[in-house]
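Subject: Handing over the two-chain model

Hi there,

Here is the structure I promised to pass on to you. Have a look at it first, and then read on for my notes.

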Amino acid sequence: MEYRHSYEGEIRSGGSATPIPHPTQIWTPLRRNVLQYSLQLNGKTHSIEAEPGTPLLWVIRDELKLTGTKFGCGVASCGACTVHLDGEPVRSCQTLIEDVGGSEVTTIEGLESPEAKAVQQAWVELDVVQCGYCQSGQVMSAAGLLKENPKPSAEEIDDYMWGNACRCATYQRIRAGVQRASEIMEA
Amino acid sequence: MTVHSSRRGFLKGAAAATAVFMVGVRPNGVLAAASAESKMFNPFVKIGSDGSVTAIVKHFEKGQGPATGLPTLIAEELGLRMDQIDYEFAPSNPQVYSNLLFGQFQGTGGSTAMANSFMQYRKAGAAAREMLISAAADEWGVDAAGLRIEEGMVVGAGKSAPIGEFAAGAAGLEPPAEPKLKDPGEFRLIGDPDVRRLDTEIKSNGTAKFAMDLHLPNQMIAVIKRPPRKDGMAVGMDDSGAKAIKGFINAAILPNKAGVAVYAENTWAALQAREALDVEWDMSQAESRSSDEIKAEIIAALSAEPEFNVLKNDHGAINAALDGAATVVEETFYFPLLAHAPMEPLNCTIEATADGGILLHDGCQFPTGPHMALAQIFQLPMEKIRINTMLAGGSFGWRATPDADYQVEAALAFVMTDRSRPVKLVWSREDDIKGGRYRPAFGHKVRVGLDGDGNIVGWDHRIAGQSIMKGTPFEALTVHDGVDHSSVEGVSDTPYRIPGQFVGLTDTQKATSLLWWRSVGHTHTAYVMEVMMDLAAKAAGRDPVEFRLAHLNGEKDQDRMAGVLKLAAEKGNWGRVPEGRAQGVAVHKSFGSYVAEVLEISGNAEDGVRIENVTCAVDCGIAVNPDIVKAQMEGGIGYGIGHVMRDQITLTGGEVDQFNFPDYEPLRISDIQAIDVHIVASQEMPTGVGEPGTPPAAPALANAISAASNNLRVSSLPMAENGVSFA
């Protein structure tokens, strides 16, 4: 098996003609607009330097390195980035750092509510996951649903979970998992 | 060295410090054992003196289950409970970890993971069992024949001890050439519906590490500014706007001019800097066609004599038979381009290692491809390139590109730096939808002739579309006499008994870039075959299930296909339709497995269709992990249905019209009310499950809609753009 790539000539001729970015060469921003934010997250206070307009998602993933919250679409269309703001599910890719204010942010790593524990137990019992990339967001939304409505009907589950996409289509088990979590909570 | 995606990392840390016993296959294929320190062996099984057992999994995990299935095979033969085995992903080494159905190529695809591993991993487990028993027999001074392993304990001769105690002793023994495998009747784990996935807990609590989650010290993020149309080339660039972004590092045109690499300290800065970049493009070679032109070319090709006569039979004679038929049913179909859109956008990370090599961190589907490509780019011998395979957030074909495109992109972004910092390449969802490699567009034109008794007497089937395999390294394997098998699979090899079947294929000009997509050719061929079978049954005045069964008899292949059809019909209450409901059925063989689906809807095309339930029957040989088989059917059905309902990629003047999930709408939880999967008990060798659930789903839906909507023919997709509304 042979691999042919169009870049072969360029690489072999001794490097590229384009500038080499040096790792220490960080541009001095022309427009300094970085502010200091105090972020309440998973029971701790974090001091965050960021430009206004920075999505909470990237603060969580890249600054705090909590990677359970996923990047899926960046436009609040898939729910993989779902976190709780004062206990309510929100899409962190469309929640800007300056809008968090004094609210408490909970990510999957800090999720400890009885609803969450029931959801995670049900997810394991039913093997809900496949690739798993969306499942942090599914669990965050499911926990939010059960807090609001401990005994949701199938239709109420579908309405609430509609925005959480799963490309593996684990939806049958997500629905069953929420119902099972509801039973676990009742027991 | 492999990196763990482990539930019990602490166990492995302990194991690493102790004597470790490993069983695997040498490059020459002989089973062999070695201590952990040995460089000679690339094992499938690793056993620590603390008793920890690790399966080395050669297939990547994108949700389809090998990280559970392959350990199940080892645990079965070795005598373990499932909570006594863990897994690691194998390093890249095609001599040792090749897919046995791909030649000397390590990779996952074509629903082959279990099919090619079933005997290999059982043998590895059985060899370890025999060697451990032998070591125990030596130590105890008893006959090995009286010993066995149960739940991780060597027992017999009135003694009992954990297997870990014999790991060091067993490591020095000669491995058995042909270890004795269990009879299927002795299986405890294989076929047990209660075996759970090994990766559910980490995927439910946020601790699972996908490639996207890697944070190496000092890493840079790279995103690529891509041309607005495929094959545009970057010829100039102004990054003065990007310099205002905090965290922006630099930007540079890729050596192959395919785009501009934007480097930044973090992902958000990289994405913003990319927006602020001005790029001058040379679009003279870029894709300029619209999807309407692509469709027109395909439809026109269907009316001409096909380029290839796939079955090499007499088209004229078959046409004559059709001319003489009592009834002829005819239909033309069109299938648009589709994107894969796995949940985790493409990404990978490249770093230089202390020994002068390169380490790629990747949810790597085809390790051998990027391994060879990176060796070439960095001008390094193969052994200096290592791949750390991490969990992948879905693929559906996307992570298996014949030219290792995104890993090459990352390597080009890395090669332009001074290589002191790891480079993590990140694709956005817009990159994914707009820059995808798409399921090719295809057209079919079919004429089916029936005799006076309603039996098929001729079947003229013309296919036109874009070959996936031609021009790739897989061409030699899949293209014969000009015919790309992946363009006609599911038609030319149908198990149906079809007298006078002509299959013609015309390759049309390649549009944008193409790639296999969950179930490959079967994505369109199953739809056409099963919608035509329904149209023919209706024309014959016969029940669709009975009509299919009448054309499935006599051979094992046909019996297995008939078997799933009967089971789905029985479990799905075929023919007993509640008021206000309609049913559709489809059955198809793909990747060695047989799947039938009975789909029930309420409503109709005009007032809105709602999918009430799907009853699925699958025959995949021995179902190693039945619950994973069911999950793959559920997911495969959803994947098939979601796309035919409302998804397509269209081009205007060469530019992709869609950008993200708002206009490439994923299947949602409310789209299917229920799925019920039944597995046919079988002693046949395991066959595929990742893809075969997908092909019958869409035609079953089309047939149900037709039944509910005055025989409406849904022949162009997506349905929502072709006369079907959904509730």
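Below is what I found, going from chain A to chain B and then to the contact between them.

Please keep in mind throughout that this is a predicted model.

**Chain A**

Chain A has 187 residues, of which 49% count as buried. Its secondary structure comprises seven helices and five strands. If you follow the sequence, the elements come in the pattern α-β-β-α-β-β-α-β-α-α-α-α. Taking the contacts in chain A between residues at least 6 apart in sequence, 62% of them join residues at least 24 apart.

The domain assignment splits chain A into domain 1 (35-109) and domain 2 (114-186). Over C-alpha atoms, the centres of domain 1 and domain 2 of chain A are 21 Å apart. Where these two meet, domain 1 of chain A puts in 15 residues and domain 2 of chain A puts in 12 residues. On the domain 1 side of that contact, β3 (82-85) and β4 (88-91) of chain A each supply at least two residues. The largest share there comes from β3(A), with three residues. By class, the side of domain 1 of chain A that touches domain 2 of chain A has six nonpolar, seven polar and two charged residues.

**Chain B: domains**

Chain B is divided into three parts: domain 1 (9-204), domain 2 (212-284 + 346-426) and domain 3 (291-338 + 438-721). The centres of domain 1 and domain 3 of chain B, taken over C-alpha atoms, are separated by 39 Å. The contact between these two uses 18 residues from domain 1 of chain B and 19 residues from domain 3 of chain B. On the domain 1 side, α2 (66-78) and α4 of chain B each supply at least two residues. Here α2(B) gives the most, with four residues. That side of domain 1 of chain B divides into eight nonpolar, nine polar and one charged residues.

The UniProt record, an unreviewed entry, lists residues 205-285 of chain B as "domain: Aldehyde oxidase/xanthine dehydrogenase a/b hammerhead". In the model, this span is 11% helix and 35% strand, and its end C-alpha atoms lie 48 Å apart.

**Helix α4 of chain B**

You may like to look at α4(B) on its own. This helix covers residues 113-140 of chain B, and its 28 residues reach 39 Å from the first C-alpha to the last, close to the 40 Å expected at 1.5 Å a residue. There is a bend of about 35° in α4(B) at B:M119. The helix is mostly covered, with 20 of its 28 residues buried. Just after α4(B) comes B:G141, with a positive phi near 65°.

**Backbone details in chain B**

Most residues other than glycine have a negative phi, and most peptide bonds are trans. With that in mind, here are three places to check.

- B:D231 is not a glycine, yet its phi is positive, about 75°. This residue is found in the loop between β9 (220-225) and β10 (233-238) of chain B. Is B:D231 buried or exposed? B:D231 counts as partly exposed because it has 16 C-beta neighbours inside 10 Å, and a residue needs 20 or more to be buried.
- B:A341 also has a positive phi, near 50°, and is a residue other than glycine. Its place is in the loop between β15 (327-335) and β16 (347-352) of chain B. B:A341 has 26 other C-beta atoms within 10 Å, so it is buried.
- The peptide bond from B:L717 to B:P718 is cis, with omega near 0°. B:P718 lies in the segment after α19 (697-708) of chain B.

**Where the chains meet**

How many residues does the contact take from each chain? Chain B gives 74 residues and chain A gives 64 residues. On the chain B side, at least two residues each come from α6 (200-204), β11 (248-253), α7 (267-275), α10 (368-377), α11 (405-415) and α18 (626-646) of chain B. The most comes from α18(B), with seven residues. The side of chain B that touches chain A divides into 35 nonpolar, 22 polar and 17 charged residues.

Happy to talk any of this through once you have had a look.

Best wishes

Note on methods: Residues numbered from 1 in each chain as written. Chains lettered and ligands numbered in written order. Predicted model: local features only at pLDDT ≥ 70, side-chain atom pairs only at ≥ 80, totals over all residues. Contact = placed C-beta atoms within 7 Å. Nonpolar A, V, L, I, M, F, W, Y, C, P; charged D, E, K, R; others polar. Expected span 1.5 Å × (residues − 1). Bend = angle between axes of the 7 residues up to and from the residue. Buried ≥ 20, exposed ≤ 12 C-beta atoms within 10 Å, placed from the backbone. Domains from an automatic or database assignment. UniProt positions renumbered as here; feature names shortened; annotations may be inferred.
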